[in-house]
Amino acid sequence: MTSDGRPAPRIRDGVRAALPLVPGPLLFGLSFGVLAEAAGMSAVAAVVMSATTFAGSAQFAAASVLEDGGTALAAVVSAVLLNVRYVGQSIAAASIFPGSKPRRFFESQLIVDESWALAGRSGRFEWPILVGAGLLLYVLWVSSTAIGSVVGGVLGDPDDLGLDAAFAALFLALAKPYLRERKTVAAALVAVAITLVLMPIAPAGIPLVVASAACLLGLRR
Amino acid sequence: MSDVWIVVLVVAAFTMVFKAAGPVFLGRRKLPVRAQSVVDLVAPVMLTALVVTQAVGGNEEIIVDARIPGVAAAAIAIWRGAPIVVAMFVAALVTALVRLVA
């Protein structure tokens, strides 16, 4: 039991929490495999990338830069910038990881936007939710990448199904419980403003990173 | 080594270190109170920024399209207490329908 009397969550609760998200990583993993193939990546390279980077938007960015004929450096920079946000997310969830350093290293690799956000939905981060949700998403992501890079372009665009909007709705639903205190709402609004201003002028990833400066409102008492 | 493998390995190395930054280097040490109140804002700030990039994001541009009615419908559902999966379904359904018609 936790201190507030609810039963402590288990890893399987994390898996269950991520079940509604299944179509997302499945379809995007498939389409990443397809895009990777078009970008000249072998199926092995695409699967290794999904298994080691495990961050959809950055992988899409890298593959689409390569597909457009961009340099390796440009592909690396765009993907790395997109993932800088994970520094903030991993610091926010740092204290929930038990065990030795190697164990914490491996389990921290299960942090993706969705698993991290689900793990924090009760207002404080819960390790079993992060690991359960992360494992399910990881298996789906890697296996659907493999299928996509082999099967190729027989699939339609996942956006036709409205999946892009569904993920916006997911993040909104996960943000809602936080938006009670005035300071939090103010910080969120500043983040929205920064993001909107930078989106037309900065490469993908930068708006999210700069928007995190809104967290500095936490310094005000 | 081919360009593809350089990209795969370098991006993976950076991402792994980013994700491990908190759990491995910070661990269970407590942050000072003021730093903690900054970190407490990471979740709401990042989530709302992700809503924006996901809802109107394009390739270095803002695109207003069928996602807006979908996300708006989901927002109403969320504020009326709908579960997450219902909100996601509403957003996908409305957006897909608008795209179908448009």
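Here is a short walk through this predicted model, from one helix to one residue and then out to where two chains meet.

Let's start with helix 2 of chain A, which runs over residues 23-38. From its first C-alpha to its last, this 16-residue helix reaches 23 Å, close to the 22 Å expected at 1.5 Å a residue. How much of helix 2 is buried? The count is 13 of its 16 residues, so helix 2 of chain A is largely enclosed by the rest of the structure. Just after helix 2, look for Gly40(A), where phi turns positive, at about 85°.

Now hop over to Phe60(A), which sits in helix 4 of chain A, residues 56-67. Is Phe60(A) buried or exposed? It falls in between: with 19 other C-beta atoms within 10 Å, Phe60(A) counts as partly exposed, because buried takes 20 or more. Leaving aside its neighbours within four places in sequence, Phe60(A) is in contact with Phe32(A) and Leu35(A). For a sense of distance, try Gly132(A): it lies 72 residues from Phe60(A) along the chain, and the two C-alpha atoms are separated by 24 Å.

Finally, zoom out to the meeting of the chains. On one side, 79 residues of chain A take part, in contact with 62 residues of chain B. Which element gives the largest share of chain A's side? That would be helix 10 (residues 163-175), with 13 residues. Sorted by class, the side of chain A that touches chain B has 56 nonpolar residues, along with 16 polar and seven charged ones.

Technical notes: Residues are numbered from 1 along each chain as its sequence is written. Chains are lettered from A and ligands numbered from 1 in the order in which they are written. This is a predicted model: local features need pLDDT of at least 70, side-chain atom pairs count only at pLDDT 80 or more; totals for chains, interfaces and linings use all residues. Helices (H or I, at least four residues) and strands (E, at least two) are DSSP runs, numbered from the N terminus. A residue is buried if 20 or more other C-beta atoms lie within 10 Å of its own, exposed if 12 or fewer, and partly exposed in between; C-beta atoms are placed from the backbone. Two residues are in contact if their C-beta atoms, placed from the backbone, lie within 7 Å. Ala, Val, Leu, Ile, Met, Phe, Trp, Tyr, Cys and Pro count as nonpolar, Asp, Glu, Lys and Arg as charged, and the others, Gly among them, as polar. The expected span of a helix is 1.5 Å times one less than its number of residues.
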